[in-house]
Amino acid sequence: MVFKYNYDEMLDKAYKELPEVSKEEVRFEIPKVKGSIQGNRTIITNLQQIANDLRRDINHVFKFLLRELATTGDIKSGGTIFVGRFNSSFLNEKIEKYVKEFVMCDQCGKPDTELMKERGLTFKRCAACGAKSSVRTLK
Ligand SMILES: [Zn+2]
């Protein structure tokens with residue numbers, strides 16, 4: 001019996017033959033909100049970071065939240081303000097809803113999508129599988 005590879009080469013080959021699994025494919029971590037309630041206002045301090053993680057425009061996430069919370073608000077440098085008192089688990093549920101609707105691909109379930117507009121309609125297009133589906137247009 002002749003070994004074609006030495007041990008290191010075999011190990012190297014074995015690793016190379018494993019299917020590549022990216023971190024995102026294993027599990028997509030939905031970012032959690034950080035913030036506080038001050039009087040009758042809820043302030044999310046990391047909405048910009050969340051938008052960056054989701055690769056979405058903060059204004060789009062903000063519009064979605066305003067609609068979901070049925071309230072008004074303002075994006076300020078120190079944080080995003082919502083009128084009303086909302087606890088973090090409720091807000092996290094809304095972020096999850098946003099991710100499901102506007103980030104995750106309906107076909108393959110991956111988060112590698114981008115939003116695009118065509119003739120006034122909004123579509124979610126997946127870079128992983130090429131699927132394209134229409135989503136709500138937030139005004
Ligand atoms: Zn897909």
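## A walk around helix 3 and its neighbours

Start with helix 3: its buried residues pack against strand 2 (41-44), helix 4, strand 4 (79-83) and helix 5. Keep in mind as you click around that this is a predicted model.

**Stop 1: helix 3.** Select residues 47-54, then highlight Leu47, Ile50 and Leu54, the buried residues of this helix. Now look down the axis: these residues span an arc of only 55°, which puts them on the same side of helix 3. Next, step just past the end of the helix to Arg55. What is the sign of phi at Arg55? The phi of Arg55 is positive, near 55°.

**Stop 2: helix 5.** Select residues 88-103. Which residues of helix 5 are buried? Colour Leu91, Ile95, Tyr98 and Val103 and you have them. Turn the view until you look down the axis of helix 5; the buried residues fall within an arc of 75°, so they line one face of the helix. Then spin round to the other side of helix 5, where you'll find Ser89, Glu93 and Lys100 exposed. To see what covers the buried residues of helix 5, show its neighbours, including strand 2, helix 3, helix 4 and strand 5 (113-118).

**Stop 3: where helix 4 meets helix 5.** Keep helix 5 on screen and add helix 4, residues 58-69. Two packed helices are described by the angle between their axes and the distance between the axes. Here the angle is about 120° and the axes are 10 Å apart. That makes helix 4 oblique to helix 5. The crossing of helix 4 over helix 5 is right-handed.

Which residues make this contact? From helix 4, pick Val61, Phe64, Leu65 and Glu68; from helix 5, pick Lys94, Lys97 and Tyr98. Try colouring them by type: the contact of helix 4 with helix 5 has four nonpolar residues, three charged ones and no polar ones. You've met Tyr98 already, among the buried residues of helix 5.

**Stop 4: zoom out.** Show the whole protein chain as a cartoon. How many helices and strands does the chain have? You should count five helices and seven strands. Follow the chain along its sequence and the pattern reads α-α-β-β-α-α-β-β-α-β-β-β.

Now for two figures about the whole chain. Of its 139 residues, 15% count as buried. And if you take the contacts between residues at least 6 apart in sequence, 39% of them join residues at least 24 apart.

How values were computed:
Residues numbered from 1 in each chain as written. Predicted model: local features only at pLDDT ≥ 70, side-chain atom pairs only at ≥ 80, totals over all residues. Axes fitted to C-alpha atoms, helices over the stretch in contact; angles between N-to-C directions. Helix = DSSP H or I, 4+ residues; strand = E, 2+ residues; numbered from the N terminus. Parallel < 35°, antiparallel > 145°, perpendicular 65-115°, else oblique. Left-handed = near helix turned anticlockwise from the far one by under 90°. Contact = placed C-beta atoms within 7 Å. Nonpolar A, V, L, I, M, F, W, Y, C, P; charged D, E, K, R; others polar. Buried ≥ 20, exposed ≤ 12 C-beta atoms within 10 Å, placed from the backbone. Arc of directions from axis to C-beta.
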